[in-house]
Amino acid sequence: MAVIVTVEIPGGTQEQYEATTGRLTDAEWWPPQGFLAHAAGPDGSGGWRVVDFWESEEDFLSFAAQARPIFQEQGMPPILPKFQEAANVIIG
């Protein structure tokens with residue numbers, strides 16, 4: 001079953017997000033197994049929010065472990081993802 005993964009990044013900035021995303025999408029292993037879709041933007045309180053859709057929680061956790069060096073290099077704090085089962089994912 002697909003999952004919705006939400007990550008809140010208090011104090012995260014658009015510049016930090018764009019630099020991190022650029023490094024991730026340039027990685028030789030991109031796109032990671034199980035990745036379906038991604039959206040991100042300001043959270044309304046001075047931080048950043050990421051909402052992803054993955055085929056499974058395990059796929060996301062594998063990606064996070066692989067991406068951890070890039071997150072650290074870009075000064076991202078450790079992530080605390082929230083998982084929710086997705087009843088449906090439509091990609092247009």
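Where along the chain does Val89 lie? Val89 sits in the segment after β4, and we'll come back to it once the rest of the chain is in view. One thing to keep in mind from the start: what you're looking at is a predicted model.

Let's begin with the overall layout. The protein has two helices and four strands. Walk along the chain from the N terminus and the elements come in the order β-α-β-β-α-β. A compact globule of 92 residues would have a radius of gyration near 12 Å, and the protein comes in at 13 Å, so the two agree. If you lay the C-alpha trace along its principal axes, it spans about 30 × 30 × 25 Å. Of the 92 residues, 37% count as buried. The chain also brings distant parts of the sequence together: take the contacts between residues at least 6 apart in sequence, and 69% of them join residues at least 24 apart.

Now for the helices. Helix α1 covers residues 14-26 and helix α2 covers residues 57-73. How do two helices like these get described? Two packed helices are described by the angle between their axes and the distance between those axes. Here the axes come within 10 Å and cross at roughly 130 degrees. That angle is why α1 and α2 count as oblique to each other. Their crossing is right-handed. As for who meets whom, α1 brings Thr20, Arg23 and Leu24, while α2 brings Phe63, Ala67, Ile70, Phe71 and Glu73. Sorted by class, that makes five nonpolar residues, one polar and two charged in the contact.

Helix α2 is also home to Ser62. Is Ser62 buried or partly exposed? Its relative accessible area is 46%, so Ser62 is partly exposed. Try finding Gly46 from there: Ser62 and Gly46 are 16 residues apart along the chain, and their C-alpha atoms are separated by 29 Å.

Follow the chain past α2 and you reach the loop that runs to β4 (82-85), where Met76 is found. Met76 counts as buried because its relative accessibility is 13%, under the 20% cut-off. What does Met76 touch, leaving out residues up to four places away in sequence? The list is Ile9, Gln16, Thr20 and Phe71. Two of those names should ring a bell, since Thr20 of α1 and Phe71 of α2 also take part in the contact of the two helices. Gln16 is worth a look as well: it is 60 residues from Met76 along the chain, yet the two C-alpha atoms are separated by 7.8 Å.

Step back to the other side of α2 and there's the loop that joins β3 (48-54) to that helix, with Ser56 in it. Ser56 has a relative accessible area of 16%, so this serine is buried. Setting aside neighbours within four places in sequence, Ser56 is in contact with Met1 and Val3.

Strand β3 itself holds Trp48. At 7% relative accessibility, Trp48 counts as buried. Which residues does Trp48 contact, again setting aside neighbours within four places? They are Val7, Glu8, Ile9, Gly12, Thr13, Gln14, Tyr17, Ala40, Gly41, Pro42 and Asp43. Ile9 turns up here as well as among the contacts of Met76. For a sense of how the chain folds back, compare Trp48 with Gly11: they are 37 residues apart in sequence and 7.0 Å apart in space, C-alpha to C-alpha.

There's another tryptophan to find, and this one comes with a twist in the backbone. The peptide bond from Trp30 to Pro31 is cis, with omega near 0 degrees. You'll find Pro31 in the loop between α1 and β2 (35-42).

That brings us back to Val89, out in the segment after β4. With a relative accessible area of 26%, Val89 is partly exposed. What does it touch, beyond residues up to four places away in sequence? Val89 touches Ala2 and Phe53. Ile4 makes a good final stop: Val89 and Ile4 are 85 residues apart along the chain, while their C-alpha atoms are separated by 9.0 Å.

Definitions and conventions
Residues numbered from 1 in each chain as written. Predicted model: local features only at pLDDT ≥ 70, side-chain atom pairs only at ≥ 80, totals over all residues. Heavy atoms only, no water. Axes fitted to C-alpha atoms, helices over the stretch in contact; angles between N-to-C directions. Parallel < 35°, antiparallel > 145°, perpendicular 65-115°, else oblique. Left-handed = near helix turned anticlockwise from the far one by under 90°. Contact = heavy atoms within 4.5 Å. Nonpolar A, V, L, I, M, F, W, Y, C, P; charged D, E, K, R; others polar. Rg over C-alpha atoms; globule rule 2.2 N^0.38 Å. Buried < 20%, exposed > 50% of the residue type's maximum accessible area, 1.4 Å probe, protein only.
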